[in-house]
Amino acid sequence: MTKTGSLAGPIVKCSKASGSDAAAPGSDPLLLTLGIRNIVLIEALDLDFHDGLIVLTGETGAGKSILLDALGFALGRKSRRDLLRAGADQGSVTAVFDCDDEHPVNDLLSEFGIDRGRELILRRVISASGRSGAFVNDQRMSSEALARIGELLVEVHGQHDDGGLLSARAHRSLLDRAAGLGAMVSDLGALWNAREAARHALEAARETLNAAAEDAEYLRHAVDELTRLSPEPGEDARLDAERRLIQAAARIGEEMAKAADEISGQGAEGALANAMSRLVHIAEKSEGILDPVVAALDRTMAELSEAQSGLADALETLRFDPGRLDEVEEQLFAIRGLARKHNVPPDDLDGLATELAGKLDDIDAGGDRIAMLEQRLDAAQSAYETAAGGLTAARSDAAVKIDSQVTAELAPLKM
């Protein structure tokens with residue numbers, strides 16, 4: 001698009017390849033629409049632009065500069081309170097551009113985290129208080145960020161405008177595009193990211209190792225303590241039950257022994273044996289009347305024998321080593337003490353020992369990991385420097401060629 005009011009008027013360059021409905025790869029963006037609300041003398045104006053050269057003409061004072069001021073405002077140029085139309089509370093300018101995927105503005109949009117489709121919408125508002133707000137695809141942005149995006153979209157040439165060719169910030173991009181160095185620049189960016197990732201990984205590993213090293217002495221003590229105790233899952237409950245049984249053995253063992261005496265020897269067992277002997281002796285003469293009685297007594301004596309055996313086994317179980325209670329209590333109290341110390345359930349002590357031992361292994365292996373990450377960073381740095389050197393050489397060669405081409409064009413123009 002070109003706007004002129006005289007031969008020395010400003011020129012706005014924002015076009016795409018003629019004869020196409022969409023921007024060709026690598027072409028300049030196309031300004032599709034410009035919407036103005038309450039700016040200077042304009043209450044509401046919507047301009048639709050078409051492909052190709054567009055000239056806005058008119059006498060001085062016709063309002064051509066208002067359009068240019070409005071566009072500059074949308075592109076992030078410094079706002080002025082006198083831009084707002086008299087009596088209005090708020091004014092705004094919206095500029096919609098069509099950009100192809102190869103345009104450098106896409107890298108800047110990615111840096112700012114802006115989602116975009118084919119169209120790029122810049123909107124700027126100004127209030128009666130003089131405050132302004134900037135939006136790119138409806139995402140709020142700072143005016144400085146908007147200005148950086150605007151510089152890549154529109155180039156203004158005029159008596160009082162710094163053209164894009166004179167902006168040092170644009171020179172490298174122009175050189176790369178003219179020389180077709182986009183792939184090398186992209187590859188160098190990937191190498192830069194790889195180098196930064198390697199550097200961050202090394203720094204993180206060093207921080208982790210330093211923090212872990214401060215706890216190394218504590219970890220070694222804790223692992224040694226847990227290893228010597230060797231607590232197993234379920235051991236706390238088992239020892240607690242054994243402790244209660246030992247404590248109860250003294251009380252119940254005496255009664256169990258008395259019961260065993262009463263059902264053996266001259267007690268119940270002797271009485272049943274005597275009765276059984278008498279009945280068996282006369283059973284043959286009873287014509288079967290005593291057979292059920294004899295069978296019942298026989299079963300009773302068998303069950304009595306089983307009870308005697310059970311009592312004997314129980315008494316054997318209760319026959320503890322006098323020092324066993326001390327051993328059980330010492331192990332039980334040690335397990336519970338460590339559980340409280342580490343604030344974990346007793347059954348989790350075994351897993352804790354494994355976890356702390358793993359941390360110690362990480363500390364011991366930390367030096368090897370640091371060395372590996374240092375090698376990785378050195379390799380990434382070397383790859384980046386090699387690629388950067390190649391790109392620098394390519395830019396230098398391209399700059400010489402472009403310089404010669406520009407010089408050749410200036411001579412016929414007497415410049």
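Begin by selecting Asp176, which is found in helix α4, residues 168–179; helices here are DSSP runs of H or I with at least four residues, strands are runs of E with at least two, and both are numbered from the N terminus. The model is a predicted one, in which local features need pLDDT of at least 70 and side-chain atom pairs count only at pLDDT 80 or more, while totals for chains, interfaces and linings use all residues. Residues are numbered from 1 along each chain as its sequence is written, and side-chain values use heavy atoms, with hydrogens and water left out.

Asp176 is buried, its relative accessible area being 9%, where buried means under 20%, exposed over 50% and partly exposed in between, with a 1.4 Å probe and protein chains only. Now add Leu181, Gly182, Val185 and Arg395 to the selection: these are the residues in contact with Asp176 once its neighbours within four places in sequence are left aside, contact being heavy atoms within 4.5 Å.

Move next to α3 and select Ala145, Leu146, Ile149, Gly150 and Leu153, which are the buried residues of this helix. They lie on the same side of α3 because they cover an arc of only 135° around the axis, the arc being that of the directions from the helix axis to the C-beta atoms.

From there, turn to the largest nonpolar core, a set of 37 residues in which Phe97, Leu120, Leu122, Val136, Ile149 and Leu153 touch the most other members. Such a core consists of buried Ala, Val, Leu, Ile, Met, Phe, Trp, Tyr and Cys residues joined through side-chain atoms within 4.5 Å. The elements giving two or more residues to this core include β3 (30–39), β6 (90–98), β7 (119–127) and α3 (143–153), and the largest share, 6 residues, comes from α1. A second, separate core has 19 residues, among them Leu219, Val328, Ile335 and Leu360.

For the charged side chains, select Arg123 together with Phe135: Arg123 lies over the face of the Phe135 ring, at 4.3 Å from the ring centre. Arg195 likewise lies over the face of Tyr384, at 4.7 Å from the ring centre; the criterion is NZ of Lys or CZ of Arg within 6 Å of the ring centre and within 35 degrees of the ring normal.

Finally, display the whole protein chain, whose secondary structure comes to 11 helices and 10 strands. Of its 415 residues, 33% are buried, and among contacts between residues at least 6 apart in sequence, 70% join residues at least 24 apart.
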